[in-house]
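The following exercises are to be worked through with the sequence and the model at hand. Each task is followed by a solution in steps.

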Amino acid sequence: MSTLMQVRDIVGEVLQLGDRTLQLSAESPLLGSIPEFDSMAVVSVITTIEEHFGFIVDDDEIGAETFATLGSLSTFVDEKLS
Amino acid sequence: MKDVAPRPFFLPSQPTSLFAVYYPALTARGSWLFVPPFGEEMNKSRRMVARQSRLFAKAGWNVLVVDLFACGDSDGDFEDARWALWRQNLVDAWHWLAAQSTGPTGLWGLRLGGTMAVMVAEQEKLQPDKVLLWQPVIKGSNYLTQFLRLRTAASMLGSEGDKETPKLLRAKLDVGESLEIAGYSLNPSLAESIDTWDLGAMAPPADAVCWYELAVSADKPFSLPSQSVIQTWQQQGCRVQCRMLAGDSFWTTTEISESPALLQASVEDIS
């Protein structure tokens with residue numbers, strides 16, 4: 001499964017988006033667009049990504065722009081993995 | 001066995017009495033004290049804890065669920081919460097519960113409550129007959145970072161101002177500043193206590209431990225830190241029964257959710 005799909009599933013799982021998960025694409029805006037995406041959800045997404053991909057996120061590496069779209073979040077994960 | 005109605009009451013403790021709910025069994029074969037998780041995780045898990053407590057009571061176990069000082073419906077300002085106070089709360093609850101019936105008594109904790117259960121068992125020499133851990137936090141320092149991230153995330157969501165990283169927030173705690181995080185005023189002393197907790201450095205809290213975690217699928221392996229603690233405890237002669245179950249992380253989900261698999265496994269295994 002591509003990173004994008006894995007990140008999509010994590011976001012869908014944490015936010016409990018159900019069928020809406022499948023409608024998300026790289027261009028889908030996250031922060032400020034999905035009402036469930038509050039600060040607790042941001043933390044849960046970061047934690048789940050850390051556990052799923054097995055790396056630690058340094059908080060200096062992330063900002064609002066990381067969570068702008070599903071694509072930007074996925075790109076961040078790819079950069080961490082490479 | 002039949003249901004007996006749960007009984008809410010105020011349990012005498014320090015520095016104030018605590019809101020508690022007692023789930024008595026019709027004929028008790030033993031008792032369980034629940035140690036609640038931290039902050040919002042406690043509110044999110046209320047329903048699961050109540051459901052599990054009723055199931056335990058039905059199966060013949062008295063259960064006491066207590067809101068620690070300054071948490072939930074207990075009195076007090078969260079900023080005044082300290083580990084020493086919570087530990088005393090748990091000891092008082094433990095003795096109250098032990099006075100209700102004979103039979104084995106267990107400690108049951110969720111997330112940081114699991115960690116606190118192990119801590120209090122050792123520090124206060126409670127000697128529980130069994131310990132039930134639901135997704136215990138292994139390292140308090142990682143948990144604290146995650147909690148601080150709530151404020152980092154909130155500052156990211158805001159349009160103005162600088163991002164407050166956990167590193168920056170820890171520096172504030174270090175100079176004695178309390179921090180307002182997700183509606184909780186975190187005192188540096190409490191943060192300092194949590195920061196030092198490490199299950200990996202603790203002896204097994206009982207001869208028998210049930211250790212359950214939830215994941216998207218039941219075949220997901222335990223995280224390396226969990227595996228390491230489980231193995232260490234086993235090497236020290238503790239019977240650790242661990243299960244990975246499929247289910248939502250009900251202590252964080254946006255909507256209140258339940259995990260039927262966890263409810264069932266717990267009631268099956270605690271005897």
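**Exercise 1.** Determine into which domains chain B is divided, and describe the contact between them.

*Solution.* Step 1: in this predicted model, chain B is divided into domain 1, covering 7-139 + 200-269, and domain 2, covering 141-196. Step 2: the C-alpha centres of domain 1 and domain 2 of chain B are 25 Å apart. Step 3: domain 1 of chain B contributes ten residues to the contact, and domain 2 of chain B contributes twelve. Step 4: sorted by class, the side of domain 1 of chain B that touches domain 2 of chain B has five nonpolar, four charged and one polar residue.

**Exercise 2.** Describe the side of chain A that touches chain B.

*Solution.* Step 1: count the residues; 18 of chain A are in contact with 20 of chain B. Step 2: identify the helices; α1 (3-15) and α2 (39-53) of chain A each supply at least two residues of this side. Step 3: the largest share, nine residues, comes from α2(A). Step 4: by class, the side of chain A has eight nonpolar, five polar and five charged residues.

**Exercise 3.** State how many helices and strands chain B has, and assess how compact chain B is.

*Solution.* Step 1: chain B has nine helices and ten strands. Step 2: its radius of gyration is 18 Å, close to the 18 Å that the globule rule gives for 271 residues, so chain B is as compact as a globular protein of that length. Step 3: buried residues make up 44% of the 271 residues in chain B. Step 4: of the contacts in chain B between residues at least 6 apart in sequence, 71% join residues at least 24 apart.

Terms used
Residues are numbered from 1 along each chain as its sequence is written. Chains are lettered from A and ligands numbered from 1 in the order in which they are written. This is a predicted model: local features need pLDDT of at least 70, side-chain atom pairs count only at pLDDT 80 or more; totals for chains, interfaces and linings use all residues. Domain bounds come from an automatic or database domain assignment. Two residues are in contact if their C-beta atoms, placed from the backbone, lie within 7 Å. Ala, Val, Leu, Ile, Met, Phe, Trp, Tyr, Cys and Pro count as nonpolar, Asp, Glu, Lys and Arg as charged, and the others, Gly among them, as polar. Helices (H or I, at least four residues) and strands (E, at least two) are DSSP runs, numbered from the N terminus. The radius of gyration is taken over C-alpha atoms; the globule rule is 2.2 Å times the number of residues to the power 0.38. A residue is buried if 20 or more other C-beta atoms lie within 10 Å of its own, exposed if 12 or fewer, and partly exposed in between; C-beta atoms are placed from the backbone.
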